[in-house]
Amino acid sequence: LADQSGTNPYVVFVPNYLLWHPSYKGKVSKETVLDFYCAMIDIIREQYPDDNIVMLPQTFGAGTYEGDDVFFFREIEQLKNDRHIVVVPDVYSSDIQQTIIASSRLVIGARYHSVVFALNQNVPFVALNYEHKICGLLTALHKEDCMVDIMNAFESEQTIDRALKKVRDLLASVRKDDEAYRQASDEARRCILQLRDLLMSRKAAGKD
């Protein structure tokens with residue numbers, strides 16, 4: 001990443017092709033989704049004119065456009081023709097992805113794990129909610145104010161504009177949240193301990 005982006009500060013951007021999802025498939029065109037994310041890059045550039053925009057793939061191994069983020073990201077990169085866009089190869093583990101996110105200015109993510117990683121690293125984020133997972137996570141942490149709901153964003157030009165306006169507004173206001181970071185860490189620790197206790201009890205009962 002350092003070789004590609006130099007020493008510039010950077011924003012991590014994780015779009016989602018969406019058309020694999022039943023809520024969008026056959027209802028929204030690929031061109032509409034591409035235009036939406038290209039407009040979002042323009043908004044990022046307004047707020048951070050000199051930053052690199054690092055696109056971080058989080059799905060890989062399928063060998064298809066729908067299954068591998070990197071193909072979609074490269075098409076966005078070509079459309080924008082912006083030398084400060086960096087598409088990270090889809091070969092890095094979650095630990096390395098979190099290291100990349102930890103050094104970023106903020107994360108704009110339409111993938112669940114991009115939001116989880118931002119929370120885990122206490123990095124400001126804008127979450128693009130396309131289904132229940134992201135919404136459920138942020139509701140549990142009382143972080144709905146960092147979310148842009150895009151479940152119905154493509155119904156009309158007006159709904160697209162409203163979603164993009166909310167992204168623009170949030171980019172100007174999101175900050176680190178130490179309390180949400182602590183709450184998420186405590187909940188993860190509680191779940192790990194609960195799983196440990198369950199496995200130990202099953203082992204003691206001779207079930208495993």
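Which residue forms a salt bridge with K133, and how far apart are the closest N and O atoms? In this predicted model, the partner of K133 is E131, and the closest N and O atoms of the pair lie 3.6 Å apart.

## Salt bridges

The pair of K133 and E131 joins two residues of unlike exposure: K133 is partly exposed, with a relative accessible area of 36%, whereas E131 has a relative accessible area of 14% and is therefore buried, the limit for that class being under 20%. Side chains of opposite charge can pair when their charged atoms come close. A search of the whole structure finds eight such salt bridges, and two others, both involving helix α2, are described here.

D42 forms a salt bridge with K80, with 2.7 Å between the closest N and O atoms. Because D42 belongs to helix α2 and K80 to helix α3 (residues 69-80), this pair ties together parts of the chain that are 38 residues apart in sequence. D42 is partly exposed at a relative accessible area of 38%, and K80 also counts as partly exposed, at 24%. E46 forms a salt bridge with R168, where the closest N and O atoms are 3.1 Å apart. Here the link is between distant parts of the chain, since E46 sits in helix α2 and R168 in helix α7 (residues 157-171), 122 residues apart. The relative accessible area of R168 is 35%, which places R168 in the partly exposed class.

## The sheet and helix α2

Six strands form an open sheet with parallel pairing, and their order across the sheet is β3-β2-β1-β4-β5-β6. Strands β3 and β6 (147-149) stand at the edges and have a single partner strand each, so one side of each is left without a neighbour in the sheet. On average, and with direction ignored, neighbouring strands of this sheet are turned by 15° against each other.

Within this order, strand β1 (residues 10-14) and strand β4 (residues 107-109) pair in the parallel sense over three bridges, and F13 stands opposite I108 in β4. Helix α2 (residues 30-47) packs on the sheet, where it touches β1, β2 (52-55), β3, β4 and β5 (125-129), and the direction of the helix makes about 165° with that of β1. The helix that carries D42 and E46 is thus also a helix that packs on the sheet.

## Positive phi angles in loops

Most residues other than glycine have a negative phi. L18, in the loop between β1 and α2, has a positive phi near 75° although this residue is not a glycine. H142, in the loop between α6 (132-140) and β6, is likewise not a glycine and has a positive phi of about 55°.

The surroundings of these loop residues can be described by their accessibility. L18 has 0% relative accessibility and so counts as buried, while H142, at 61% relative accessibility, counts as exposed.

## A nonpolar surface patch

Which residues form a nonpolar patch on the surface? The patch is made of V91, Y92 and I96, which together have about 260 Å² of accessible area. One of these residues, V91, is found in the loop between β3 (85-87) and α4 (94-102). V91 has a relative accessible area of 60% and is therefore exposed, the limit for that class being over 50%.

How values were computed: Residues numbered from 1 in each chain as written. Predicted model: local features only at pLDDT ≥ 70, side-chain atom pairs only at ≥ 80, totals over all residues. Heavy atoms only, no water. Patch = residues over 30% accessible without salt bridge, like charges linked within 9 Å, V, L, I, M, F, W, Y side chains within 5 Å. Areas by Shrake-Rupley, 256 points an atom, 1.4 Å probe, with all protein chains shown as cover. Salt bridge = Lys/Arg side-chain N within 4 Å of Asp/Glu carboxyl O. Helix = DSSP H or I, 4+ residues; strand = E, 2+ residues; numbered from the N terminus. Buried < 20%, exposed > 50% of the residue type's maximum accessible area, 1.4 Å probe, protein only. Pairing = 2+ DSSP bridges. Axes fitted to C-alpha atoms, helices over the stretch in contact; angles between N-to-C directions. Contact = heavy atoms within 4.5 Å.
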